[in-house]
Amino acid sequence: MALPRPVEPELMTIGIDEVVVTAESPPDVVLTTRLGDHEVVTTGPHHVARVTGLDPDTEYPLEVVGIDPHPYLPSTVHTLARPAGRLLTTIATANDVHFGETRCGATGDPAQDAKGPIFSVAPGEPPYPAVMNAAVIGEIRELGPDAVVVKGDLTAAGTADEYAEFLAAYGSLGAVMQHVRGNHDAMVDPTMAIEDAPYVIELDGVRLAVLDTVIPGTDSGRLPADTRGWLDDMAGDATGPVLAFGHHPSFDVEHGIRTSRPYFGIQPDDSDALVDVFARHDNLVGYFAGHTHRNRVRRFERARGVPFAEIGCTKDYPGVWAEYRVYEGGYTQVVHRVAAPDAFSWAEHTRGMYEGSYRDYALGPLEHRCFTQRF
């Protein structure tokens, strides 16, 4: 039958042994996703076609029957390469979870907010941050990682009640859960959720360095000299790889245009100094942030091309969290989209934010969501 429009499946995730295609449609629409010899049939309204049992580092033809290929649904897909050696550690992260938020898409700029659209749930429906985060927590619990890092914007307005709600939800994951604040969390109390950062999480075969990047009272970020010195010393003492996590992303130190205005992420001079720390230590193998609500990776030549990554937000489209598998010879980053029907539906509802431009901004290229980094 002819498919109603718009039905636009997206190649959401690739791993070393799996591929996930997602879509939303009217309830009676059936989609058939073919990947090589594999076939998955899903029925609307929510389609999460997960193909597993694939070979690493292998190209497969991809087809959703009745749908033409498009930039987010290519005709082929290449699974991630598996790093050498045994699997050492699995890590999960989330960011921009925004407990307490009630208006999705509001920027604070009256002119932009007048264009919208801005989304809220109907009276009597559960708050959308609770819905989205419950879905993510459930998926992380099913994964069973060795560590969970929630890297900032735990709350919408930095209130004690919102922070308590975050702790109650993510605290259910137990002792593996660690967190650090984002700019939203320092609006009322400039010390809330700082969690004694910077601090180290010791895992089998890898250290995690959790950094505080917040300038209380502003959405801009920093990495002061004492924090950079701590990272420098810690990386020098470490005998294995180190992954660093913070809320704000780095400035593009090699191609960015510097202005007199505050940068939305870590300020250019501090970003330069952070990249210099990475340049001095071969075992600093990635920096992972949130804040921008999009999936993006920057790689700097003087830091050996290791990823400085941003992960999309949990609270709205596409509704994601990230998984890291650390092997003896490298690691993989895989960004997952939540599959629970109520969370999936809210994410789809919000993809049209910012005058319909949000999908292209937030989703980002596939290779920025999922990749292998070798040591």
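**Cavities, a helix and some odd backbone spots**

Me: Which residues line the largest cavity?
Reply: Gly15, Ile16, Asp17, Glu18, Glu323, Arg325, Thr332, Val334 and His336 make up that lining. Keep in mind that this is a predicted model.

Me: Ok, and how much space lies in the largest cavity?
Reply: About 50 Å³.

Me: Which strands supply at least two residues of that lining?
Reply: Strand E17, residues 320-327, and strand E18, residues 330-337, each do that for the largest cavity. E18 gives the most, with three residues.

Me: How does the lining of the largest cavity divide into nonpolar, polar and charged?
Reply: Four of its residues are charged, three are polar and two are nonpolar.

Me: How many cavities of 30 Å³ or more does the count come to?
Reply: Two. The second largest has a volume of about 40 Å³.

Me: What lines the second largest cavity, then?
Reply: Thr13, Val20, Thr22, Val48, Arg50, His336, Arg337 and Ala339 line that one. His336 is worth finding in the structure: it lines the largest cavity and also the second largest.

Me: Which strands supply at least two residues there?
Reply: For the second largest cavity, strand E2 (19-24), strand E5 (46-51) and E18 each supply at least two. By class, the lining has three nonpolar, three polar and two charged residues.

Me: Switching topic. How many residues does helix H2 have, and how far does H2 reach?
Reply: H2 covers residues 128-143, so to speak, a run of 16 residues. From its first C-alpha to its last, H2 reaches 23 Å, close to the 22 Å expected at 1.5 Å a residue.

Me: Which residues in H2 are buried?
Reply: The buried ones are Tyr128, Pro129, Val131, Met132, Asn133, Ala135, Val136, Ile137, Glu139 and Ile140.

Me: And what covers the buried residues of H2?
Reply: The cover includes strands E8 (87-94) and E9 (147-151), helices H3 (160-170) and H6 (341-350), and also E17 and E18. You've met E17 and E18 already, in the lining of the largest cavity.

Me: What follows H2?
Reply: Gly144 does, and its phi is positive, near 70°.

Me: Now the backbone. Where is the peptide bond cis, with omega near -5°?
Reply: From Gly116 to Pro117. Pro117 sits in the loop between helix H1 (110-115) and H2.

Me: And which residues does the cis bond with omega about 5° join?
Reply: Ala197 and Pro198 are joined by that cis peptide bond. Pro198 belongs to the loop between strand E10 (177-180) and strand E11 (199-203).

Me: What's the phi of Glu195?
Reply: Phi of Glu195 is about 55°, a positive value, although Glu195 is not a glycine. Look for Glu195 in the loop between E10 and E11.

Me: How does Glu195 come out for accessible area?
Reply: Glu195 is partly exposed, with a relative accessible area of 33%.

Me: What about phi for Asp196?
Reply: Phi of Asp196 is also positive, near 60°, and Asp196 is a residue other than glycine. You'll find Asp196 in the loop between E10 and E11.

Me: Does Asp196 count as buried or exposed?
Reply: Exposed, at 70% relative accessibility. The cut-off for exposed is over 50%, so Asp196 with its 70% passes.

Methods. Residues numbered from 1 in each chain as written. Predicted model: local features only at pLDDT ≥ 70, side-chain atom pairs only at ≥ 80, totals over all residues. Heavy atoms only, no water. 1 Å grid on protein atoms, 1.4 Å probe; cavity = no way out; pocket = protein on both sides within 12 Å on 5 of 7 lines; lining within 4 Å. Points joined across faces, edges and corners; volume = space filled by probe spheres on them. Helix = DSSP H or I, 4+ residues; strand = E, 2+ residues; numbered from the N terminus. Nonpolar A, V, L, I, M, F, W, Y, C, P; charged D, E, K, R; others polar. Expected span 1.5 Å × (residues − 1). Buried < 20%, exposed > 50% of the residue type's maximum accessible area, 1.4 Å probe, protein only. Contact = heavy atoms within 4.5 Å.
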